[in-house]
Amino acid sequence: MTYQADLKLFIDGSWRAGENRDAMPVINPATGGTIAEVPLASTGDLDEALGAADRAWPLWRATDVEKRAAILHKTADLLRERAQEIGALLTQEQGKPIAESVGEVIGSAQMFDFFAEEAKRAYGRVLVRPTGQRSIVIPQPVGPTATFTPWNFPIYLLAKKVAAALAAGCSVISKPPEETPGSTGAMGRALADAGIPNGVFQLVHGVPDTVSRHLIGSRVIRKVSFTGSIPVGKHLMKLAADGMKRITMELGGHAPVLIFDDCDLEKTLDAVVPQKFRNAGQVCVSPTRFYVQEGIYDAFQRGFAERTRALKVGNGLEADTRMGPLANERRIPAIAGLVEDAKAKGAKVLAGGERGEGGYFFQPTVLADVPLDAEAMNNEPFGPLALMRSFATVDEAIEQANRLPYGLAAFVFTENGRRANLLGDAIESGMVGINTFAISVADAPFGGIKDSGFGSEGGVEGLQSYQVTKAIHQA
Ligand code: NAD
């Protein structure tokens, strides 16, 4: 299959490329080969985009909500119609199995549908006042927004931000990841074909630090929304602070999974193994630290390792592939280093542990009895690495779950309802999945606490993050 992406910037309603702009190669991680070049925005492009976003915002916020919703629903319809084609682009530039890519496009369409309807429920409040007087609180769009999104779920993470911001009435300039421009460009085309007015949604690729400094430094931008690593998030927060800009930061995680001896072991193993290796573990809510109660620890290790060894690793375009390559070559030494460090400190290798053949492959890897001072137990691996330890009591499990500065997602497997409630309350994280991994859905807030970030996406909270409130008092 050939990679047929028309890679361009989308500025003020026109698609642009060439004309002496710098370019960056796009690489297929399954082969390591270059498949295209993506044009990078010049300073002039960024200034044009800022000007267009500034002009478009007052018109878009004044557009009838039904019309805004219709454009978002139409975008969702086009994404669903084009899901196979966009999914194939995503697999070729990112590596994930084709079924995961198509699923990501469908999930992005759901995000547009959800926010199309949520736009109509942007309610305010009327306060109690003496007869004839009024005090009201109304939500208003925050204004032109800059979004920065990563390469692990390039369409879905972009859709989460863009659908909510457009629903709220903001104009948006997005810098998607340069590694995966075909799939995010296809989302831009769906918005354009659905009738998004010029300047309301714009796409600019570029050198990340140059683009983010330029956009965040502009007086036009009122809100910054980023998904990515904690160090980059902190850097962008500092840039945003200089202009007192509102922020949403969806950063890394290191999800604990607490497995109690009263769980349905076979069902739990069938759920956790595919989830661990989904998108080759390059998922901010990936289940990573498996704490298993003593009585079932041996059986859990055996079942996990057997299922892992049976996974078919390969090119994501092949229908029977269950795990593709890592998205970037730089992740291979990062994962290999974590494995070597854990082994040197006494961890047992139950499966994998080595780089794969060709492309950017790394074997699905399971390590048991991993010491707490191993680097992987403390820094987000962001790769196909499962880490296991045993525990005895509920208190010990909670202490382990909460021991890191991360606080994004956590998972619990138990059939004891009372214990489930207790753990749901006690674990320090933005999301807790109890006997489920389905925690990233359009109608619920998704976001971290502690070092994992600030603010939420999805749900009513997702819309509110692109709004400011105003109180109007009339005597
Ligand atoms: P990185 O820190 O170099 O980049 C992370 C993302 O931020 C990328 O999409 C990158 O293009 C972008 N970025 C980097 N510098 C930027 C800047 N100055 N302005 C704007 N955007 C900028 O890391 P990486 O090697 O691409 O990814 C590895 C780490 O990133 C992982 O270990 C993981 O912790 C984190 N990550 C998290 C998520 C998530 O969903 N939360 C997604 C991707 C990566």
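Axes here are lines fitted to C-alpha atoms, for helices over the stretch in contact, and the angles between their N-to-C directions run from 0 to 180 degrees. The model shown in every view is predicted.

**View 1. Packing of helix 3 (residues 83–94) against helix 6 (residues 181–193).** The axes of the two helices come within 7 Å and cross at roughly 155°; because angles over 145 degrees count as roughly antiparallel, helix 3 is described as roughly antiparallel to helix 6. From helix 3, Ile86, Leu89, Leu90 and Glu93 meet Pro181, Gly182, Ser183 and Ala186 of helix 6, and by class this contact has five nonpolar, two polar and one charged residues.

**View 2. The open sheet of seven strands.** The strands follow the order 14-15-16-13-12-17-18 with mixed pairing. Strand 14 (348–351) and strand 18 (431–434) stand at the edges, each with a single partner strand, so one side of each is left without a neighbour in the sheet. From one strand to the next, the twist averages 25°.

**View 3. Strand 13 (residues 287–293) beside strand 16 (residues 385–391), with helices on the sheet.** The two strands pair in the parallel sense over five bridges, and Arg289 stands opposite Leu387 in strand 16. Helix 9 (residues 265–277) lies across strands including strand 13 and strand 16, running at about 155° to strand 13, while helix 11 (residues 331–344) touches strand 14, strand 15 and strand 16, its direction making about 25° with that of strand 15.

**View 4. Surroundings of Thr248 in strand 11 (residues 246–250).** Thr248 counts as buried, because its relative accessibility is 1%. Leaving aside neighbours within four places in sequence, the residues in contact with Thr248 include Lys223, Phe226, Phe454, Glu457 and Ser465.

Note on methods: Residues are numbered from 1 along each chain as its sequence is written. This is a predicted model: local features need pLDDT of at least 70, side-chain atom pairs count only at pLDDT 80 or more; totals for chains, interfaces and linings use all residues. Side-chain values use heavy atoms; hydrogens and water are left out. Helices (H or I, at least four residues) and strands (E, at least two) are DSSP runs, numbered from the N terminus. Angles under 35 degrees count as roughly parallel, over 145 as roughly antiparallel, 65 to 115 as roughly perpendicular and the rest as oblique. Contact means heavy atoms within 4.5 Å. Ala, Val, Leu, Ile, Met, Phe, Trp, Tyr, Cys and Pro count as nonpolar, Asp, Glu, Lys and Arg as charged, and the others, Gly among them, as polar. Buried means under 20% relative accessible area, exposed over 50%, partly exposed in between (1.4 Å probe, protein chains only). Two strands pair if DSSP finds at least two bridges between them.
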